[in-house]
Amino acid sequence: MADTYDLIVLGAGSGGLAMAFRSARHGARVALLDPGALGGTCVNVGCVPKKSLWFAAQLAHAMQLAGPYGFEGGPGRFDWEHFRQRRLAYIDGIKLRYEERLAAAGVHWLREAGRFVAPDTIATDSGAELRAPQIVIATGARAQRPPLPGFELGLVSDDMFGLRELPRRMAVVGGGYIAVEFAGLLRALGSEVTLHVRDRMLRSFDDEVVASLEEHMRTQGITFADGARIAGARRDGDAIVLDDASCGERGPYDAVLWALGRVPNTERLDLDAAGVRCDGLGHVLTDPWQNTNVPGIAALGDVTGRLALTPVAVAAARRLADRWFGGMNEAKLDYDDVPSVVFSEPPLGAVGLTEAQARAKFGDSVRVYRSRFTPMQWSLAGLHGQTLMKLVCVGADERVAGVHVLGPGADEMLQGFAVAVKMGACKRDLDATVAIHPSSGEELVLMS
């Protein structure tokens, strides 16, 4: 006989955990299934370990500035293994706290996978059956592994956090945020990096801002292999070479990172048994309320193919839990104007429409304000690179439809401006705001 619950959550990543915690707070009896580590991709092989490496890269940049400021001595050697152990200890602490919170909330956590046998029934790997009127699919996504010859010679993003030493010569294949972030932090920590980009990098971000970021990356010593058509990889002695259909052989490299996108974890869920529809790539299809085509079954996070960002999955989960179990019948996530940051060097942050998107939607009513300047921190060290800040405004009232920031501190300053965009701020509202001086953020309220 099946064990019964109010809610079954498949996947203990950020979205699944948020769904379980919020539903349990509303009084629901919850079962959470996942054979992997608590926290999913974000905590174990995504946001958290990547951001920790980015912090290390920022310290490396700071040490390079120290000499021109007057500090004696040069940058020290980076002990990769020492830092790896500190990172692992930090992540272990997060997972322990999750485990404690699940126990305190009364969530039944099963460390095994589940699959549908009916729209309201999940079978576990051990043969048990669980039944609930509400089921959430939050199984996330994983790195894409296309059938390229020699693909196994390289690494995907998950593998980067298991490396025991920093590769000296690194090829990064891809142009998305994972490729760009790893290219920057590996270069900062001492690797020779070549970024193989097929068309243009960061295609969902503003063209002008991305072009400026590329200039910074080239200045830092990152080599761009533009127009790359990588057809495979092969060994050449102790090294790896890439076969590029556009120009022949590239390399040699000590390691290759494949950053070619991600695919949803749906193939083992037996979704057909419940009648749940997916798109051609395997993403679970949902409406704006996170509902699938089957009543009582919802999906959220990366498995749906919508804005693959941890805060998006968490926000969608909390609103779904509020609607299902908290009596908030209108609760759902608004997917417009979601801020995001690429942890490049310097970081790139954006919220709202790019200039191209705004012009396609609003035509001649678009007005763009921009500011380029050398941050004081860089200027004092004799560096001449420039940041770029850009406001995309629309209509007679110049409503701020997009904010784009490339430069030190972009990741932190953007959050407040995202609130302003969400609230419908106009250019005059920014003009009426007193600047904080001296800061980079003041440029966003001083543009004319």
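The questions and answers below concern a predicted model.

Visitor: Is helix α1 largely enclosed by the rest of the structure or exposed, and how many of its residues are buried?
Guide: Helix α1 covers residues 14–25 and reaches 17 Å from its first C-alpha to its last, close to the 16 Å expected. Among its buried residues are Leu-17, Met-19 and Phe-21, and what covers the buried residues includes β2, β3 and α8. The helix is largely enclosed by the rest of the structure, because the buried residues number 11 of the 12.

Visitor: Which element gives the most to the largest nonpolar core?
Guide: The largest nonpolar core has 41 residues, and Phe-182, Leu-195 and Met-217 are among those with the most contacts inside it. The elements that give two or more residues to this core include α3, β11, α7 and β20. The element that gives the most, with eight residues, is α6.

Visitor: Which residues does Met-217 touch, not counting residues up to four places away in sequence?
Guide: Met-217 belongs to the largest nonpolar core, where it is one of the residues with the most contacts. Leaving out residues up to four places away in sequence, the residues that it touches are Val-180, Ala-183, Leu-195, Met-201, Ile-222 and Phe-224.

Visitor: Is Arg-268 buried or exposed, and what is its relative accessible area?
Guide: Arg-268 lies in the loop between β17 and β18, and, when residues up to four places away in sequence are not counted, Arg-268 touches Gly-114 and Arg-115. Exposed means over 50% relative accessible area, so Arg-268 is exposed, with a value of 72%.

Methods. Residues numbered from 1 in each chain as written. Predicted model: local features only at pLDDT ≥ 70, side-chain atom pairs only at ≥ 80, totals over all residues. Heavy atoms only, no water. Helix = DSSP H or I, 4+ residues; strand = E, 2+ residues; numbered from the N terminus. Buried < 20%, exposed > 50% of the residue type's maximum accessible area, 1.4 Å probe, protein only. Contact = heavy atoms within 4.5 Å. Expected span 1.5 Å × (residues − 1). Core = buried A, V, L, I, M, F, W, Y, C linked by side-chain atoms within 4.5 Å.
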